[in-house]
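Thank you all for making the time this morning. I would like to walk through one model slowly, moving from single residues to helix packing, so please have the sequence and the structure open in front of you.

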Amino acid sequence: MLALRTTPWPLVAVFTAGYLPPYLLPTTVGRLDTGLPLSATQAGAVGSALLLSSAGAGFLLASRVERAGARTLARFGLALAFLGYGAASLTTAVPAVVAGAVLGGFGSGTATTVAATRIAAERDPHRASTAGLLSVSALAGAVYLTVPHLGRSHGLPLAAIALTALAVWPLTGRLPAGTGGTSPAARTASGPLPHRRSGLVLAVTVLCWSLAQNSLWGVSGRIGLTQAGLGDAALGLVFAVALGAGLMGVLAAGALGPRLGRAMPVGAGTALIAGCIVVSASATTPTAFASGEIAWNTLYPVVLSYLIGLAASLDARGRWAVLVGSASSLGTAAGPLAGSVLSAQAGYAGMGLVLAGGLLLVAVPMTAVALHTGGRPLLPGTIRRRGGTPAALVAAATGTPSGAVPEVGAAEQPVVEIDVDAPALAVRGAYDTAGPRQAAAAPGPGPG
């Protein structure tokens, strides 16, 4: 279970505000389609523009959090999110809605960047990311239950995101301020990235992984309404239950922690998700659609939490966590448009088969990275040490399980040699025989 006293709740709140827009993507895109003079493809393109702006913020700010300060950047991002999404929710002019969504997306991406960077520096990044996914799943589920009863306005999901950013803003006072780029930590953050090959493979595969997930997620609302025969309120209920099941998945991931390693949850979980996507995309009844969505949303946050932890373990400064997260946002951004195009060309069932095949392909290199890169362990309270390679070699020599050795991708610390005078070897006569001795007796001469 999550430990209340050790969970960085301000970071969890910022994480929630940054991740909420992708979670609300189906209702956001669906309401842009029905509430504004936009086609389904155009509404998907607006959703893609929002998430693309969010990804751009991550790539731009990945190495600047330490210098600018987590507090300053988080407040800046949350302010942009409030202003952008708030403005987009209050107007029906399509250009203004698009501009507000893009501005808000950049703010959300900034908040996500801050959260990812700081979570990577935590003693247990898996616990922090799990708490964040738990929080955003609960909030998104509440929105899906509430919004259908408030009307059909396109601005309701956008307003929910804006109000979340406003509510989180006061909590940023507990985040660290900037260093101005003069501290050793800030200078280290601009150094070369460790584990470049593994990080690049992970970034590319996570991009494809997120693209497949959000291609379906972006059109799930239309599948439920047009193919499975659900009404608007019933569809919102299905999504809320699915996200509630996601809460159970996140809790299970937090309880499991490192027991299964990272490779099995990432590889096997992705394969199971592929099957769920086929079921959901081909569903023609409410029962089949709900089953696919619920199973999918149960597994998705579990695998995502391990991917976030894997990226965080590659660099203690959080740069790979931000870059992999931004690559994921790129895939997320392309998802609504890709899903709209695929479903238009091949139908929903054909789209599901294509996406499932793609997931099975990317599962192989993602699993290989998880096997190849030990990273920091997910265990709370473990010793954090720079230079994981020597620690791993010591563990191998002493029989220590490799999973218990923290291995951070930071540069090796210089080894300082200290000259120590060797003690003089004792002569044979300095020893006495073992055995009881009278209290006042002095050591006698050795035998012989």
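Let me begin with a small question: in which helix is the place of S313? The place of S313 is in helix α13, which covers residues 286–313, and helices here are DSSP runs of H or I with at least four residues, while strands are runs of E with at least two, both numbered from the N terminus.

Before going further, I should say that this is a predicted model, in which local features need pLDDT of at least 70 and side-chain atom pairs count only at pLDDT 80 or more, whereas totals for chains, interfaces and linings use all residues. Residues are numbered from 1 along each chain as its sequence is written, and side-chain values use heavy atoms, with hydrogens and water left out.

Returning to S313, its relative accessible area is 2%, so it counts as buried; by that I mean under 20% relative accessible area, with exposed meaning over 50% and partly exposed in between, using a 1.4 Å probe and protein chains only. The side chain of S313 reaches the backbone oxygen of L310 at 2.7 Å, which is a polar contact in the sense of a pair of N or O atoms within 3.5 Å, where, within protein, one must be able to donate a hydrogen and the other to accept it, and residues adjacent in sequence count only if both atoms are side-chain atoms. As for the helix around it, α13 has 28 residues and spans 41 Å from its first C-alpha to its last, close to the 40 Å expected at 1.5 Å a residue, the expected span being 1.5 Å times one less than the number of residues. Helix α13 is mostly covered, with 20 of its 28 residues buried.

Stepping back to the whole protein, there are 15 helices and zero strands, and 50% of the 448 residues count as buried. If we take contacts, meaning heavy atoms within 4.5 Å, and keep those with a separation of 6 or more, residues 24 or more positions apart account for 85% of them.

Some of these contacts between distant parts of the chain can be followed residue by residue, starting in helix α10 (residues 196–227), where L207 has its place. L207 counts as partly exposed, at 27% relative accessibility, and, leaving aside neighbours within four places in sequence, L207 is in contact with A327, L330 and G331. N214 is also placed in α10, but N214 is buried, with a relative accessible area of 5%. Not counting residues up to four places away in sequence, N214 touches L25, T332, G335 and P336, and its C-alpha atom is separated by 9.1 Å from that of P26, 188 residues apart along the chain.

From the side of helix α14, consider G339, which is buried at a relative accessible area of 0%. The C-alpha atoms of G339 and G218 are 6.6 Å apart, although their positions lie 121 residues apart along the chain, and the contacts of G339 beyond four places in sequence are with S215, V219 and M351.

What, then, is the angle at which the axes of α3 and α14 cross? The axes of α3 (residues 40–61) and α14 (residues 319–372) come within 7 Å and cross at roughly 170°, and therefore α3 is roughly antiparallel to α14. The axes are lines fitted to C-alpha atoms, for helices over the stretch in contact, with angles running from 0 to 180 degrees between N-to-C directions; angles under 35 degrees count as roughly parallel, over 145 as roughly antiparallel, 65 to 115 as roughly perpendicular and the rest as oblique. Among the residues making the contact are G44, G47, L51 and F59 of α3, and L323, L330, P336 and S340 of α14.

Finally, T16 lies in helix α1 (residues 9–23) and counts as buried at 4% relative accessibility. Outside four places in sequence, T16 touches G132, S135, V136 and L139.
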